[in-house]
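Grab a pencil and open the viewer. Here are some exercises to work through, each with a solution taken step by step.

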Amino acid sequence: LGISIEVVKCFDPKPLLPKRVAYSLENAQNVNPLEVYDLNIAKGVFDKLPPEILTFKNLERLWVGMQAYFKFETFPDEFYSLSQLHSVLVYGSNISSISDSIIELKKLEELVIQRSKLTQLPNVICDLPHLTRLSLQYNS
């Protein structure tokens with residue numbers, strides 16, 4: 001016959017993920033691009049997506065607001081290669097459409113595009129497996 005033994009070890013729990021630093025676009029350019037997980041763009045007018053954003057391969061959250069404005073009408077296809085994105089929040093832009101390529105953002109949980117010119121969404125948006133928040137207030 002066997003005797004059951006239970007082993008219990010006490011330890012101080014540590015967070016599973018490292019603490020995330022929210023970088024401005026300017027500050028993010030001074031660190032390892034693979035360490036940029038959270039990007040806040042609060043100022044500037046952009047005719048196209050800043051190419052630096054595409055170097056942040058581990059980017060999980062993109063926030064654009066306050067005195068920042070995207071003048072372009074749609075995200076370039078390269079944007080959808082940022083496969084780690086969980087949240088995309090854009091407050092104020094000329095964005096009028098979203099490409100079917102959004103389906104590439106499999107981890108996307110939150111899509112907020114407000115105060116923009118959005119007139120349509122692709123049907124594939126319904127196929128994003130983790131999308132739980134969709135906010136499209138004050139659009140065309």
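The exercises below go from the overall layout to single residues, and the model they use is a predicted one.

**Exercise 1. The overall layout**

Work out how many helices and strands the protein has, and what pattern they follow along the sequence.

*Solution.* Start with the count: there are one helix and six strands. Next, read along the sequence, and the pattern comes out as β-α-β-β-β-β-β. Then look at burial: of the 140 residues, 39% count as buried. Finally, turn to the contacts with a separation of 6 or more; residues 24 or more positions apart account for 37% of them.

**Exercise 2. Classifying a ring pair**

Decide whether the rings of Phe46 and Phe70 are stacked, tilted or edge-to-face.

*Solution.* A pair of aromatic rings is described by the distance of the centres and the angle of the planes. Step one is the distance: rings pair if their centres lie within 6.5 Å, and those of Phe46 and Phe70 are 5.8 Å apart. Step two is the angle: planes over 60 degrees apart count as edge-to-face. The planes of Phe46 and Phe70 are at 85 degrees, so this pair is edge-to-face.

Now place the two rings on the chain. Phe46 belongs to strand β2 (residues 38–46) and Phe70 to strand β3 (residues 61–70). They are 24 residues apart, so the pair links distant parts of the chain. Both Phe46 and Phe70 are buried.Try the same steps on Phe79 and Tyr80. Their centres are 5.5 Å apart, with 80 degrees between the planes, and the pair is edge-to-face. Phe79 has a relative accessibility of 1%, so Phe79 counts as buried. Tyr80, at 3%, counts as buried too.

**Exercise 3. From pairs to a cluster**

Find which residues are linked into a cluster by ring pairs.

*Solution.* By the pairing rule the count comes to seven aromatic pairs. Follow the ring pairs from residue to residue, and you get a cluster of Phe46, Phe70, Phe72, Phe75, Phe79 and Tyr80. For another kind of ring neighbour, look at Tyr37: Arg20 lies over its face, at 3.6 Å from the ring centre.

**Exercise 4. The cavity**

Say how many cavities of 30 Å³ or more the structure holds, and which residues line the largest cavity.

*Solution.* Rolling a probe the size of a water molecule over the atoms shows where empty space is left. Here the search gives one cavity of 30 Å³ or more. The largest cavity has a volume of about 40 Å³. Its lining is made up of Phe75, Phe79, Tyr80, Val88, Ile98, Ile102, Leu105 and Leu111. Phe75, Phe79 and Tyr80 should ring a bell, since they also turned up in the aromatic cluster.

**Exercise 5. The surroundings of Ser116**

Where is Ser116, is it buried or exposed, and what does its side chain reach?

*Solution.* First the place: Ser116 is in the loop between β5 (110–114) and β6 (133–135). Its relative accessible area is 8%, so Ser116 is buried.

Next come the neighbours. Not counting residues up to four places away in sequence, Ser116 touches Gly92, Ser93, Ile95, Tyr138, Asn139 and Ser140. Take Ser140 from that list: C-alpha to C-alpha, Ser116 and Ser140 are 7.0 Å apart in space, and they are 24 residues apart in sequence.

Last, the polar contacts. The side chains of Ser116 and Ser93 are joined by one of 2.7 Å. The Ser116 side chain also reaches the backbone oxygen of Gln114, at 3.1 Å.

**Exercise 6. Asn94 in its loop**

Which backbone oxygen lies 3.0 Å from a polar atom of the Asn94 side chain?

*Solution.* Begin in the loop between β4 (87–91) and β5, where Asn94 lies. Buried means under 20% relative accessible area; Asn94 is at 17%, so it counts as buried. Go through its contacts, leaving aside neighbours within four places in sequence: Tyr69, Phe70, Lys71, Phe72, Glu73 and Lys117. The oxygen you want is the backbone oxygen of Lys71.

**Exercise 7. Positive phi outside glycine**

Find where Met66 and Arg115 are, and whether each is buried, partly exposed or exposed.

*Solution.* Met66 has a phi near 60 degrees, a positive value in a residue other than glycine. Met66 is in strand β3, and its relative accessible area of 66% makes it exposed.

Arg115 has a phi near 50 degrees, again a positive value in a residue other than glycine. Arg115 is found in the loop between β5 and β6. With a relative accessible area of 45%, Arg115 is partly exposed.

Definitions and conventions: Residues are numbered from 1 along each chain as its sequence is written. This is a predicted model: local features need pLDDT of at least 70, side-chain atom pairs count only at pLDDT 80 or more; totals for chains, interfaces and linings use all residues. Side-chain values use heavy atoms; hydrogens and water are left out. Rings of Phe, Tyr and Trp (its six-membered ring) pair if their centres lie within 6.5 Å; planes under 30 degrees apart count as stacked, over 60 as edge-to-face and the rest as tilted. Helices (H or I, at least four residues) and strands (E, at least two) are DSSP runs, numbered from the N terminus. Buried means under 20% relative accessible area, exposed over 50%, partly exposed in between (1.4 Å probe, protein chains only). A charge sits over a ring if NZ of Lys or CZ of Arg is within 6 Å of the ring centre and within 35 degrees of the ring normal. Contact means heavy atoms within 4.5 Å. A polar contact is a pair of N or O atoms within 3.5 Å; within protein, one must be able to donate a hydrogen and the other to accept it, and residues adjacent in sequence count only if both atoms are side-chain atoms. On a 1 Å grid over the protein atoms alone, a cavity is a set of points where a 1.4 Å probe fits but cannot get out, and a pocket is an open set with protein on both sides within 12 Å along at least five of seven lines; lining residues have an atom within 4 Å of a point. Grid points are joined across faces, edges and corners, and a volume is the space filled by probe spheres set on the points.
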